[in-house]
Structures are given as structure tokens and as C-alpha cells.
Amino acid sequence: TILRKPGPLTPEEVEVMRQHPYHGYQMLKMIPFLQEAAELVHAHHERFDGRGYPRGSKGRDIPLGARITAIANTLDAITSDLPYRRAQSVQAARREIEAEAEQQFDPEIVKVFLSMSPSVWEELRKQIMRGLGRQATPTGSSD
């Protein structure tokens, strides 16, 4: 219900949403070969500046995989249709991610992300959507 809600979340709904890294961690940690992945799930909403959740980890204290996942998660969120807004372009996502380097994201990982052609991400989205049997959202190269 919360994921599909078209408007702003209530404080109670925000609190429920902020629990998903912990719940994902709890599910994955019970599977021996996914224990390392469990930690990445737990930390993917931490912020490079320490203002993230659930632990408030900062900088290199956040596992490398979680720092990478945070950028991938943001790219996907920005370039996907959501109940409260239409998908934006990969270029818009790149600008947002670049603007959040050192606050939300590890600046070194942002540098690597930005060095890659936007077409890499656009083609990947198309492949994933084809695999799901859906059309990729046409986000264009500008917004």
C-alpha cells in the first residue's frame, strides 16, 4: 500500500519504509551463501555523510557493495515511473547523483558511474524490462 501511494507519506509510513533494510537483512542472513549480500541490503540506505539509516554509518564504514547499490537504487528510482511522478531521463539521474556526491554517495563511486556512457544504463534497463516481459519507459536523453 505504501509503495503504491500517490502522495506524500505520513511520518508513520516513513518509519515503516525505513525498516525495509533491516527486514531484508533478517531474511537474507539466514541463508548461508547470502550472508554477505544481507549486509549490503542492510546498509544500502546509509549515506556517505552519515545521515542515512538504519545505523547512521559514514564514509568507508559503509560496505563498498552498499555504496555501489545506493547509486544503482537511486538510478533505478529516478528512471522508473512511480505513483507520485513519471520516470525521468538517465541524464537527470546522472545530474542528481553527481549533485549528491560526498553527501549521499561516495564521490569515488560517483566518478566511476559518471565515466560510463549513459547508453550503458539505458540498454541495461531495456534488457531487464524485456526479461520481465515489459516495455522500458521511454525517458529520452533530456527532461
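Phe 113 and Trp 121 are both buried, where buried means under 20% relative accessible area, exposed over 50% and partly exposed in between, with a 1.4 Å probe and protein chains only. These values come from a predicted model, in which local features need pLDDT of at least 70 and side-chain atom pairs count only at pLDDT 80 or more, while totals for chains, interfaces and linings use all residues. Residues are numbered from 1 along each chain as its sequence is written, and side-chain values use heavy atoms, with hydrogens and water left out.

The structure holds one aromatic pair. Phe 113 and Trp 121 form this pair, with the ring centres 5.5 Å apart and 35° between the planes, which makes the arrangement tilted. Rings of Phe, Tyr and Trp (its six-membered ring) are paired if their centres lie within 6.5 Å; planes under 30 degrees apart count as stacked, over 60 as edge-to-face and the rest as tilted. Phe 113 has a further neighbour in Arg 94, which lies over the face of the ring at 6.0 Å from its centre. For such a placement, NZ of Lys or CZ of Arg must be within 6 Å of the ring centre and within 35 degrees of the ring normal.

Turning to charged pairs, the structure holds 11 salt bridges, each being a side-chain nitrogen of Lys or Arg within 4 Å of a carboxyl oxygen of Asp or Glu. Asp 106 is a good residue to follow here. Arg 60 forms a salt bridge with Asp 106, and the closest N and O atoms are 3.7 Å apart. Because Arg 60 lies in the loop between α3 and α4 and Asp 106 in the loop between α5 and α6, this pair ties together parts that are 46 residues apart in sequence. Helices (H or I, at least four residues) and strands (E, at least two) are DSSP runs, numbered from the N terminus. The two partners differ in exposure: Arg 60 is exposed, with a relative accessible area of 54%, whereas Asp 106 counts as buried at 3% relative accessibility.

Asp 106 also meets the side chain of Arg 67 in a salt bridge, at 2.5 Å from N to O. Arg 67 lies in helix α4 and Asp 106 in the loop between α5 and α6, so the pair ties together parts that are 39 residues apart in sequence. Arg 67 is buried, as is Asp 106.

Elsewhere, Arg 47, Asp 49, Arg 51 and Glu 100 are linked in a network of salt bridges. Within this network, the side chains of Arg 47 and Asp 49 meet at 3.1 Å, N to O. Arg 47 is buried, with a relative accessible area of 16%.

A polar contact of another kind involves His 42, a residue of helix α3. The His 42 side chain contacts the side chain of Arg 55 at 2.4 Å. A polar contact is a pair of N or O atoms within 3.5 Å; within protein, one must be able to donate a hydrogen and the other to accept it, and residues adjacent in sequence count only if both atoms are side-chain atoms. His 42 is buried, at a relative accessible area of 8%.

The backbone offers two points to look at. The peptide bond from Tyr 53 to Pro 54 is cis, with omega near 15°, and Pro 54 lies in the loop between α3 (35-43) and α4 (64-78). Glu 102, a residue other than glycine, has a positive phi near 80°. Glu 102 sits in the loop between α5 (90-99) and α6 (107-115) and is exposed, with a relative accessible area of 52%.

On the surface, Met 30, Ile 31 and Phe 33 form a nonpolar patch with about 370 Å² of accessible area together. Patches are made of residues with over 30% relative accessible area and no salt bridge, with like charges joined within 9 Å and nonpolar side chains (Val, Leu, Ile, Met, Phe, Trp, Tyr) within 5 Å. Met 30 is found in the loop between α2 (20-28) and α3 and is exposed, with a relative accessible area of 63%.

Two helix residues complete the picture. Ile 78 of helix α4 counts as buried at 10% relative accessibility. Ile 78 and Ala 93 are 15 residues apart in sequence, and their C-alpha atoms are 5.8 Å apart in space. Val 110, found in helix α6, counts as buried at 3% relative accessibility.

Methods: Accessible areas come from the Shrake-Rupley method with a 1.4 Å probe; for residues, only the protein chains shown count as cover.
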